[in-house]
Amino acid sequence: MCIRDRASRLAFFGLFALQHRGQESAGIAASNGSDINVHSEMGLVTQIFREPDFYPLSGDFAIGHTRYSTTGSSQLCNAQPLLVEGHHGKVALANNGNIINAIQLKEHLKQSWGCSFNSTTDSEILAYLLANADGSTWQERFFYCMRQLEGAYSVVCLTADTLLAARDPLGIRPLCLGKLN
């Protein structure tokens, strides 16, 4: 195993262990400290990732997702993590749950920041909210976003140099975080 893609490989094994949580699609986003790369497809984890798929996923940070449809249909455009770019740079985001005020947030994003959407999932709405939120740091923007959400969710976000995660206030959706050294 190459050290530069260790985080994405560990995320792969985590997704494999969590495959029972969703079998429609899977993906991994990884950051090397300056850029984010994503690989996601429809199907099972072992069908999606082959050895060459890990080479672009280098870096010390990675997030992953296995999906079953809650909001949005079973299409490649809804496979996560989703990568968006906003006023503050790129954000990769994976979400499990339902954001019940997603329609209102989407309209706000269209009107306030001119966001255009490629998926039919509430996860893209949350990603654009974070990528354009007020705040001088990713942590401030993330706290702002979490205060806007209504529903049951767990979410992980990756920027070029920051990893963020949260559950809904009642802790209804599961969330797994791992850290080495």
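Cysteine 157 counts as buried in this predicted model, at 0% relative accessibility, and the residue offers a convenient point from which to enter the structure. Its sulfur lies 7.6 Å from the closest cysteine sulfur, that of cysteine 145, which is too far for a bond. A disulfide is a covalent bond between the sulfur atoms of two cysteines, and a search of the whole structure finds zero of them. Cysteine 145 is accordingly in no disulfide, the nearest cysteine sulfur being that of cysteine 157 at 7.6 Å. Cysteine 145 also counts as buried, at 0% relative accessibility.

Cysteine 145 leads on to helix H6, which covers residues 138–148 and whose buried residues are Trp138, Arg141, Phe142, Cys145 and Met146. These residues sit on the same side of H6, because they cover an arc of only 135° around the axis. The face of H6 turned away from that buried side carries the exposed residues Phe143 and Arg147. What do the buried residues of H6 pack against? Their partners are helix H5 (122–132) together with three strands, namely S5 (89–99), S6 (151–158) and S7 (163–167).

Strand S5 comes up again when the charged side chains are considered. Side chains of opposite charge can pair when their charged atoms come close, and with a limit of 4 Å between a side-chain nitrogen of Lys or Arg and a carboxyl oxygen of Asp or Glu, the count comes to three salt bridges. In one of them, the side chains of aspartate 35 and lysine 90 meet with an N to O distance of 3.0 Å. This pair links distant parts of the chain, since aspartate 35 belongs to the loop between S1 and S2 while lysine 90 belongs to strand S5, 55 residues apart. Aspartate 35 is partly exposed, with a relative accessible area of 30%, and lysine 90 is likewise partly exposed, with a value of 32%.

Another salt bridge joins arginine 9 and glutamate 51, whose closest N and O atoms are 2.4 Å apart. Here too the pair links distant parts of the chain, with arginine 9 in helix H1 (residues 6–17) and glutamate 51 in helix H3 (residues 51–54), 42 residues apart. Are the two partners buried or partly exposed? Arginine 9 is buried, with a relative accessible area of 13%, whereas glutamate 51 is partly exposed, with a relative accessible area of 40%.

The remaining pair is formed by glutamate 107 and lysine 110, whose side chains meet at 3.9 Å, N to O. Both residues lie in helix H4 (residues 102–113), three residues apart, which is about one turn of the helix. Glutamate 107 is partly exposed, with a relative accessible area of 36%, and lysine 110 counts as partly exposed at 38% relative accessibility.

The loop that holds aspartate 35 brings the reader to the hairpin of S1 and S2. Strand S1 (residues 25–31) and strand S2 (residues 36–42) run antiparallel and are joined by seven bridges, and within this pairing alanine 30 has asparagine 37 in S2 as its bridge partner. The hairpin has four residues between the strands, and glycine 33 takes a positive phi near 100° there.

A further backbone feature is found at proline 81, in the loop between strand S3 (61–67) and strand S4 (82–86). The peptide bond that joins glutamine 80 to proline 81 is cis, with omega at about 5°.

Notes:
Residues numbered from 1 in each chain as written. Predicted model: local features only at pLDDT ≥ 70, side-chain atom pairs only at ≥ 80, totals over all residues. Heavy atoms only, no water. Buried < 20%, exposed > 50% of the residue type's maximum accessible area, 1.4 Å probe, protein only. Helix = DSSP H or I, 4+ residues; strand = E, 2+ residues; numbered from the N terminus. Arc of directions from axis to C-beta. Contact = heavy atoms within 4.5 Å. Pairing = 2+ DSSP bridges. Disulfide = S-S within 2.5 Å.
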